[in-house]
Amino acid sequence: MTEPESSCEVLVIGGGPAGSTIAALLAQRGRDVLMLEKSRHPRFHIGESLLPMNMPLFEQLGVGEEMKRIGIVKRGAEFVSPSHGTAVMIDFNDAWDNTHATAYQVRRDEFDEVLFRNAAAKGARVVEECKVTGIEFLADAGARVTTVDKAGQSQRIQARFVVDASGRDTFLSRHFGMKHRNKKHNSAAIFGHFAGARRLEGEVEGNISIFWFEHGWFWFIPLADGNTSIGATCWPYYMKTRQTDTRQFLLDTIALCPELVERLKDATLVSKVTATGNFSYLSERSSGTNYILLGDAFAFIDPVFSSGVFLAMNSAFAGADAVEACLNQPRQAARVLKQFDKVMTHGPKVFSWFIYRITTPAMRDLLMYQGAESKIKKALISVLIGDVFSKKGYAFWLLMFKVMYYWLSLSDPKGSLMAWRRRRRSIRAVDEMDVVV
Ligand SMILES: Cc1cc2nc3c(=O)[nH]c(=O)nc-3n(C[C@H](O)[C@H](O)[C@H](O)COP(=O)(O)OP(=O)(O)OC[C@H]3O[C@@H](n4cnc5c(N)ncnc54)[C@H](O)[C@@H]3O)c2cc1C
């Protein structure tokens, strides 16, 4: 076997939110961390709406002020339902624990760059335009990774521990053949940035708006530069009906939602339009001997609750503790990685219960409920702010929300059955149509 050309203690594949977070945390603890990113920051990425539970993570990473500079404050979420003929505003202040009641909307080119440079400032070695192309695990000696840089030069690097934070590329999951389509859900999206969109007014200007429509839902995310990110998340079968270019298809899709058309009537599309194929998948496991998977490299379901970046960064915090423990006490690795797996599976599990039911009339009615504040509603808002790991005091009321959901579903058996059948038809597999344009 040829000798590696360089080495490190921890090699991080991918410099998105998950990779940059764990690289900063481990470097801060004195670990020799090398993070490789195939692109160069700043680069476009989707996922612009954050959750209040991101805020304490920013503070711990020491990037709170920079996030404030690049973000616009998000205080809640507006749901607009044409079938209910109305809109409701969810205020994050109404969560069970409202210590963190605001978040930011960010441009991901800026956001990811702040996190990436922070990792370097904390002492991680970072290399851009360097793609990890191969990996070989060595008995009791970590792994040997092959990389290719932008000049086409190949290199071999030996690492004691590998962190896969490669996002949707799912490097290790594909390597081990353990990536699976989510059989309970599938989703595709088409999106772009608009100038001149009519935003909400006053202190809720930065709130996200969600518009339901026949084939899925739209996001409306105001950004600090004055532009607004608009995207349609739809069933993949709908995306397959596209006959025009993606730009025209996005405009035609927006035309199906009069409430959104109204908000965009003076707006101009100012970016290129991107479409993604089905992005709901999961990996069989989150770790193994001398490696872990973080964020989207492990699983992604659906963006409706803006949970992706928070789950990715939170997984990096849990991952940093796990890697540290594995390196310090290799004999404890199995126990430590089991604990880590609980964190990795818990977040997606909490959100997926809602995501799988989001198209049912009962769930829509509950989300659009405008009655008096109740403990049940507070429990729901606690999930919406991302407070899913502590569930301080609200677990019972969340259970009551689910009881109400089933009770509402049973009280309208015909509507529920039709929704269930429609969903079954909609999540049928279609040929993979990955990132286009
Ligand atoms: C349509 C859509 C809308 C979304 N909206 C939201 C939202 O509003 N809010 C939200 O929180 N989340 C949203 N998400 C999810 C969010 O984008 C992701 O969950 C989040 O970016 C995951 O972070 P990550 O660090 O795990 O992966 P990524 O952000 O994807 O970062 C992975 C990095 O790894 C690099 N990389 C990949 N392979 C290699 C390799 N072989 N070698 C070196 N580098 C590599 C990539 O270039 C990339 O920079 C959305 C997702 C989709 C699909």
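**Exercise 1. Which polar side-chain atom lies 2.8 Å from an oxygen atom of the ligand?**

Before you start, note that this is a predicted model, where local features need pLDDT of at least 70, side-chain atom pairs count only at pLDDT 80 or more, and totals for chains, interfaces and linings use all residues. Residues are numbered from 1 along each chain as its sequence is written, and side-chain values use heavy atoms, with hydrogens and water left out.

*Solution.*
- Step 1: look at histidine 45, whose side chain puts a polar atom 2.8 Å from a ligand oxygen. Polar contacts here are pairs of N or O atoms within 3.5 Å.
- Step 2: go on to arginine 108, where a side-chain N or O atom is 2.9 Å from an oxygen of the ligand.
- Step 3: check the backbone too, since alanine 18 has a polar backbone atom 2.9 Å from a ligand oxygen.
- Step 4: ask how covered the ligand is. On its own it has 1,000 Å² of accessible area (Shrake-Rupley method, 1.4 Å probe), and the protein covers 96% of that.

**Exercise 2. Describe the shell around the ligand.**

*Solution.*
- Step 1: count the neighbours. The ligand is surrounded by 37 residues (a heavy atom within 4 Å), and the closest are Glu37, His45, Ser49, Asp296 and Val309.
- Step 2: sort them by class, which gives 16 nonpolar, 13 polar and eight charged residues. Gly counts as polar in this scheme.
- Step 3: place the ligand. Domain 1 and domain 2 both give residues to the shell, so the ligand lies between them.

**Exercise 3. How many residues does each domain give to the contact?**

*Solution.*
- Step 1: split the chain into domain 1 (2–71 + 108–182 + 282–353) and domain 2 (72–105 + 186–279 + 358–437); the bounds come from an automatic or database domain assignment.
- Step 2: count the contact (heavy atoms within 4.5 Å): 34 residues come from domain 1 and 45 residues from domain 2.
- Step 3: add the distance, with 27 Å between the domain centres, taken over C-alpha atoms.

**Exercise 4. Which residues does a cis peptide bond join?**

*Solution.*
- Step 1: recall that most peptide bonds are trans.
- Step 2: find the cis bond between histidine 41 and proline 42, with omega about 0°.

Terms used: Polar contact = N/O pair within 3.5 Å; in protein donor to acceptor, adjacent residues only side chain to side chain.
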